[in-house]
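Trainee: I'd like a close look at one part of this model, the place where the two protein chains meet. Could you walk me through it slowly?

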Number of protein chains: 2
Amino acid sequence: MRYADTILEIIASSHSHMTAEQIFFALKQQYPSVVLATVYNNLNALYAQEKIRKISVAGYPDRYDKNTRHDHLVCRRCGALLDIHLSDLTRELERQTGFAIEGYDLKIRCLCPQCRAKEQAANQAYESPDL
Amino acid sequence: MRYADTILEIIASSHSHMTAEQIFFALKQQYPSVVLATVYNNLNALYAQEKIRKISVAGYPDRYDKNTRHDHLVCRRCGALLDIHLSDLTRELERQTGFAIEGYDLKIRCLCPQCRAKEQAANQAYESPDL
DNA sequence: ATTGGAATTAGAATAATTCTAAATTTGGTG
DNA sequence: CACCAAATTTAGAATTATTCTAATTCCAAT
């Protein structure tokens, strides 16, 4: 996996949550001949090694993130992901479920600040339309 | 949405977590002329009305579930979903994040009993292979 | 240099889902 | 009841994301 380290760096240094395609374009800056399938190969391998996380939200392509313990806010409206750091639930979940837990994935549905502003504007318009 | 109620019943009475295609085949029993796109239309509408939940796990098609408060165990190996009922985290998440939370989605990664048995068998075989 | 295995490439294939336009159904109104 | 408008369904094409396959290239060890 010649590109694995570069891909890891791209993901680690990104403040957004990149799709395979975005990672592909970033990698292309350095290696113009690289191909999308290679990115998928590498991402799948890195994911299998638990070096990265994969975030699936219905309606959006999978996004990739560093594998540090944190959780995500997902904007209901635009799909944006925001990292948040909550207390670790593993112990409590093991206690409540009785299962050996390998990890968990907590996505909190809310509105990101931008979309909240837009929805409020839309509601205002509805309540007092400019006719 | 002529089929919405029937689809709701199919989902409500299912003990598995059905894909759009499985729901489509179940609906076809009663309405043989129905078409997959209609199922998607209805599922999307029901989801928008928050009458059902949609569960996305990377590598598997979306699955649908009743919209009662519960969480899921996801088998790392076969993708099976199991319902579990944990204490509600909403208040605590709002406290920790300061966001107005509309809901959350907690998926716990583990091995389902069947896959745990298979992995143990595989490990046994590896440690003491029958040569 | 030669070989073998792994990774990459190119591009076809697949799977899931959405889109579009036409046809049908439904509900309300004269 | 007959008609119209709006909403829904249908059929099938289109799109998107991802995986697969086979050929090629790369690299390390002989």
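How many salt bridges does the rule find across the interface of chain B and chain A?

Mentor: Four salt bridges turn up across the interface of chain B and chain A. Keep in mind that this is a predicted model. One pair to click on is Arg76(A) with Glu102(B), whose side chains meet in a salt bridge at 2.6 Å, N to O. In general, side chains of opposite charge can pair when their charged atoms come close.

Stay on Arg76(A) for a moment. The side chain of Arg76(A) also meets that of Glu119(A) in a salt bridge, at 2.3 Å, N to O. Glu119(A) sits in helix H5 (residues 113–127) of chain A, while Arg76(A) is in the loop between strand S4 (71–75) and strand S5 (81–84) of that chain, so this pair ties together parts that are 43 residues apart in sequence. So Arg76(A) has a salt bridge to Glu102(B) in chain B and another to Glu119(A) in chain A. Over all chains, a search of the whole structure comes up with 16 salt bridges.

Back to the interface. Between chain B and chain A there are twelve residue pairs in polar contact, counting pairs with both residues at pLDDT 80 or more. On the chain B side, the elements that give two or more residues to the part touching chain A are strand S5 (81–84), helix H4 (90–97) and strand S6 (103–110). S6(B) gives the most, with eight residues. Sorted by class, that side of chain B has 17 nonpolar, five polar and eight charged residues.

Now put the two S6 strands side by side. Strand S6 (residues 103–110) of chain A and S6(B) pair in the antiparallel sense, over seven bridges. To find your place on screen, start from Tyr104(A), whose bridge partner in S6(B) is Ile108(B).

What about the extent of the contact? Chain B puts in 30 residues and chain A puts in 29. The size of an interface is often given as the accessible area lost when the parts come together. Here chain B and chain A bury about 2,500 Å² between them, with 59% of it on carbon and sulfur atoms. In chain B, the residues that lose the most area to chain A are Phe99(B), Glu102(B) and Arg109(B), which together make up 25% of what that side buries. You've met Glu102(B) already, as the salt-bridge partner of Arg76(A).

One last thing, since both chains also meet the DNA. The 17 residues around DNA strand C come from both chains, with Arg2(A), Tyr3(A), Val35(A), Thr38(A) and Tyr40(B) coming nearest. Sugar and phosphate account for 85% of the strand C atoms that come within 4 Å of the protein. For example, a phosphate oxygen of DNA strand C is 2.8 Å from a polar backbone atom of Arg2(A), and a phosphate oxygen of strand C is 3.2 Å from an N or O atom in the side chain of Asn44(B). Helix H3 (36–48) of chain A and helix H3 (36–48) of chain B are the elements that give two or more residues to the surface near strand C.

For DNA strand D, the closest residues are Tyr40(A), Asn44(A), Asp62(A), Arg2(B) and Thr38(B). A polar side-chain atom of Asn44(A) lies 3.1 Å from a phosphate oxygen of strand D. H3 of chain A and H3 of chain B are the elements giving two or more residues to the surface near strand D.

How values were computed. Residues numbered from 1 in each chain as written. Chains lettered and ligands numbered in written order. Predicted model: local features only at pLDDT ≥ 70, side-chain atom pairs only at ≥ 80, totals over all residues. Heavy atoms only, no water. Near = heavy atom within 4 Å. Polar contact = N/O pair within 3.5 Å; in protein donor to acceptor, adjacent residues only side chain to side chain. Helix = DSSP H or I, 4+ residues; strand = E, 2+ residues; numbered from the N terminus. Contact = heavy atoms within 4.5 Å. Buried area = accessible area lost by both parts, 1.4 Å probe. Nonpolar A, V, L, I, M, F, W, Y, C, P; charged D, E, K, R; others polar. Pairing = 2+ DSSP bridges.
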